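Visitor: Hi! Could you walk me through this structure?
Guide: Happy to, let's take a look together.

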Amino acid sequence: DDVKPGKYDLKLFHQGFNGVNGGTITVKEGDNISGLNFEMEAKSPEVNIHSYRWTFTPGNEVEFNLRTLRLESVKIKIYSVPFAVFLSEHREPSRIDVAKAGFKTIHEWDEPVKDFSPYEWNYFSVKVNKPLSPGGYCIEARGTGGAISRKFFTVTDVGAVVKRSPEKISVYITDLVQNKP
């Protein structure tokens, strides 16, 4: 309603679909434009893992946030990760062949997407309902259509803060459970 005469570039967007360029439309005084049809293609399924922290203390809850699109459920896997992987230059978990790198599956389950809506981003949290001993881990969330996300995390009672300058390095070590140096 109340569109002024002129030329308009028509673009259609929705978060669950790929955008469409509808071309240029010319509107003249008194025009009623109707009957325009457009086809939009749904975006591919996606999953992303997020967390406000990546280090957890032994015995405490381990929880992550998931963001999904077009997935009714995801398969969650927790891997133990060899220490050498954390020290290597290959630190992007989504690019690592978990079998070749020696990851071991220690826990897995199917997680339904809460309040699923097919063309909206869905946000929810998942808890690891199995105690994890101190060590290095990887969480993997996998869905249909090749959707996958992996992130490293650690379970430890030791925290380290490292500051460095061109001449010096300073390291502060703390007990994360007792909150003492």
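**Strands, a pocket and a patch**

Guide: Let's begin with strand 6 and strand 7, which run antiparallel and are joined by 8 bridges. Please keep in mind that this is a predicted model.

Visitor: Thanks. In strand 7, what is the bridge partner of Tyr 79?
Guide: The partner of Tyr 79 there is Thr 105.

Visitor: And what about side chains, is there a salt bridge you could show me? Where does Asp 110 find its partner?
Guide: Asp 110 forms a salt bridge with the side chain of Lys 75, at 3.4 Å from N to O. Asp 110 belongs to strand 7 and Lys 75 to strand 6, so this pair ties together parts that lie 35 residues apart in sequence.

Visitor: Nice. How many salt bridges does the count come to?
Guide: The count comes to 6 salt bridges.

Visitor: Back to the strands. What order do the 5 strands of the open sheet follow?
Guide: The order is 4-10-9-6-7, and the pairing in this open sheet is mixed. At the edges are strand 4 (55-56) and strand 7 (104-112), each of which pairs on one side only.

Visitor: How do strand 6 and strand 9 pair, parallel or antiparallel?
Guide: They pair in the antiparallel sense, over 6 bridges, with strand 6 covering residues 73-80. If you want to find that pairing on screen, Lys 77 has Glu 140 in strand 9 as its bridge partner. Ile 78 stands opposite Ile 139, which is also in strand 9.

Visitor: What holds such strands together in general?
Guide: Strands of a sheet pair through backbone hydrogen bonds, in either a parallel or an antiparallel way.

Visitor: Let's go to the start of the chain. What joins strand 1 to strand 2?
Guide: A hairpin does, through 2 residues. Strand 1 (residues 6-14) and strand 2 (residues 17-27) run antiparallel, with 8 bridges between them. One pair to look at is Leu 10 with its bridge partner Gly 23 in strand 2.

Visitor: Changing topic: pockets. How much space lies in the second largest one?
Guide: About 190 Å³ lies in the second largest pocket. Its lining is made up of Trp 54, Phe 83, Phe 86, Arg 91, Pro 134, Gly 135, Gly 136, Phe 152, Phe 153 and Thr 154. Helix 1 (83-87), strand 9 (135-142) and strand 10 (148-155) are the elements that give two or more residues to this lining.

Visitor: Which of them gives the most?
Guide: Strand 10 does, with 3 residues.

Visitor: And what does the lining look like by class?
Guide: The lining of the second largest pocket has 6 nonpolar, 3 polar and 1 charged residues.

Visitor: One last topic, the surface. Which residues form the nonpolar patch there?
Guide: Val 158, Val 162, Ile 169, Val 171 and Ile 173 form the patch, and together they have about 460 Å² of accessible area. Strand 11 (158-164) and strand 12 (169-175) each supply at least two of the patch residues.

Visitor: Where is Val 162 found, and which strand gives the most to the patch?
Guide: Val 162 is found in strand 11. Strand 12 gives the most to the nonpolar patch, with 3 residues.

Conventions. Residues are numbered from 1 along each chain as its sequence is written. This is a predicted model: local features need pLDDT of at least 70, side-chain atom pairs count only at pLDDT 80 or more; totals for chains, interfaces and linings use all residues. Side-chain values use heavy atoms; hydrogens and water are left out. Patches are made of residues with over 30% relative accessible area and no salt bridge: like charges are joined within 9 Å, nonpolar side chains (Val, Leu, Ile, Met, Phe, Trp, Tyr) within 5 Å. Accessible areas come from the Shrake-Rupley method with a 1.4 Å probe; for residues, only the protein chains shown count as cover. A salt bridge is a side-chain nitrogen of Lys or Arg within 4 Å of a carboxyl oxygen of Asp or Glu. Helices (H or I, at least four residues) and strands (E, at least two) are DSSP runs, numbered from the N terminus. On a 1 Å grid over the protein atoms alone, a cavity is a set of points where a 1.4 Å probe fits but cannot get out, and a pocket is an open set with protein on both sides within 12 Å along at least five of seven lines; lining residues have an atom within 4 Å of a point. Grid points are joined across faces, edges and corners, and a volume is the space filled by probe spheres set on the points. Ala, Val, Leu, Ile, Met, Phe, Trp, Tyr, Cys and Pro count as nonpolar, Asp, Glu, Lys and Arg as charged, and the others, Gly among them, as polar. Two strands pair if DSSP finds at least two bridges between them.
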